[in-house]
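Have your viewer open and your selection tool ready. We will go step by step, from a ligand outwards to a charged pair.

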Amino acid sequence: MPERIYIFDTTLRDGEQAAGTRLGSAAKLEIATQLTRLGVDVIEAGYPNSSPEDFNAVKLISEKVKGPVICALSRAVAEDIDACAKALEKAERPRIHTGIGVSDIHISGKFQHHRYGITLAEKKQRIIEMAVKAVSRARRYVDDVEFFAEDAARADRNYLCKVLEAVISAGATVVNVPDTTGFSTPDEFGALIWTVRHRVPNIRKATISVHCHNDLGMAVANTLAAVKNGAQQIEGTITGIGERAGNAALEQVVMALRTRKDYFGADCRIKSDEFYRTSRTVAKHLKVLIPSNKPVIGDNAFAHSSGIHVDGFLKQRETYEIMDPANVGFPASRVVLTARTGRHGLRHRLEQLGYNFRPEQVEQIYRRFLSVADKRQEVTDRDLASIVKSYS
Ligand code: KIV
Ligand code: ZN
């Protein structure tokens, strides 16, 4: 049996942190409803103490969306945790996601005030106390508490393990090991998860989650390396939208697990044929464009254009497609006619359009087609119709 991986979607929280984007309650509810259709295990609905609108969004989603765990974010401070608990009151399966920075850079940079201690060692001790206090407070409200060890990828390994052991003892059910700044490489991040799995004595009492950012373009690879090394929950966003260069794109991670089940030995409960629709819903509300070459859901993800590819694809789809577009809800594979498409592709499109020409006619049409194609990015069906007019 493949290992079950839990999918934690943070499009509504980290995704919405992308510069220049904003989601109101109604948009968040529509996306959350679609994420439920997609089959995600956890929806991080927002950060209730950040604004009244976000509080209302988490409250609304808690009332209306049933099935997935509904999660809300907080810092390791009482007001945030209390706001999460209030916003999540009506959730069927509430989770509070609380945490604090654990790398030396975060601790010395963000906790400069002497009330956190004078030396770095004192501050680090104080951070553990704050983390434990936050988890204990959250556990008074809900049974499911996730702890994020912010900037874990740049933290001292021994200290990270100590923090995680302490928060699990305090009742954390999930421990999130984030690469907050997208600094890690797949080998390093995989090794980090291996270390957490083998060095935190009580780790079996919690689920290991990972949350990777994409600053160096490695969020998906790092997430997959973590799965290889025992991560049980993966966090990401639809299309990879998120803070700075974004988060791990869930559609890519999930389709990598599915397409390479032989390699990863893991799977999840996502209904992948909802990816296309979900990505368009998210893009519409966040007002972002999906690049055409985006893996899995970009307009060109199943488009073939060059003669060699088109010829192979038309003979047998699998020669140039490793996924079936239907499995990600894509309307269909496409052959895009350009000057590189070749005769086979042209003949195929003519047949699709209902034309039936003799080989010598196709040859003549092909020459006319090339003269048009050399001037255009794509030869459309309307262009073809005018090219073949004199032969019909
Ligand atoms: O990137 C990060 O570390 C986060 C935490 C809040 C989980 O988004
Ligand atoms: Zn993040």
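Begin by selecting ligand 1 in this predicted model: the space it takes is the largest pocket. Two elements each give two or more residues to the shell around ligand 1, namely strand E6 (145-150) and strand E7 (174-179). Colour those strands before you move on.

Next, select the shell itself: Arg13, Asp14, Leu73, His97, Phe148, Glu150, Asn176, Pro178, Thr180, His211 and His213. By residue type, this shell holds three nonpolar, five polar and three charged residues.

Now zoom in on the oxygen atoms of the ligand. Which side chains place a polar atom close enough to count as a polar contact, within 3.5 Å? Try threonine 180, where a polar side-chain atom is 2.7 Å from an oxygen atom of ligand 1. Aspartate 14 also has a polar side-chain atom 3.1 Å from a ligand oxygen. Then pick histidine 211, with a side-chain N or O atom 3.1 Å from an oxygen atom of ligand 1. Switch on a surface here: on its own, ligand 1 would expose 260 Å², and the protein buries 93% of that.

For the last stop, keep Arg13 from the shell and add glutamate 44. Arginine 13 and glutamate 44 form a salt bridge, with their closest N and O atoms 2.9 Å apart. This pair links distant parts of the chain, 31 residues apart: arginine 13 is in the loop between strand E2 (6-9) and helix H1 (25-38), while glutamate 44 belongs to strand E3 (residues 42-46). If you would like to keep exploring, the model has 27 salt bridges in total.

Key: Residues are numbered from 1 along each chain as its sequence is written. Chains are lettered from A and ligands numbered from 1 in the order in which they are written. This is a predicted model: local features need pLDDT of at least 70, side-chain atom pairs count only at pLDDT 80 or more; totals for chains, interfaces and linings use all residues. Side-chain values use heavy atoms; hydrogens and water are left out. A residue is near a molecule or strand if one of its heavy atoms lies within 4 Å of it. A polar contact is a pair of N or O atoms within 3.5 Å; within protein, one must be able to donate a hydrogen and the other to accept it, and residues adjacent in sequence count only if both atoms are side-chain atoms. Accessible areas come from the Shrake-Rupley method with a 1.4 Å probe; for residues, only the protein chains shown count as cover. On a 1 Å grid over the protein atoms alone, a cavity is a set of points where a 1.4 Å probe fits but cannot get out, and a pocket is an open set with protein on both sides within 12 Å along at least five of seven lines; lining residues have an atom within 4 Å of a point. A molecule sits in a cavity or pocket if more than half of its atoms lie within 2 Å of its grid points. Helices (H or I, at least four residues) and strands (E, at least two) are DSSP runs, numbered from the N terminus. Ala, Val, Leu, Ile, Met, Phe, Trp, Tyr, Cys and Pro count as nonpolar, Asp, Glu, Lys and Arg as charged, and the others, Gly among them, as polar. A salt bridge is a side-chain nitrogen of Lys or Arg within 4 Å of a carboxyl oxygen of Asp or Glu.
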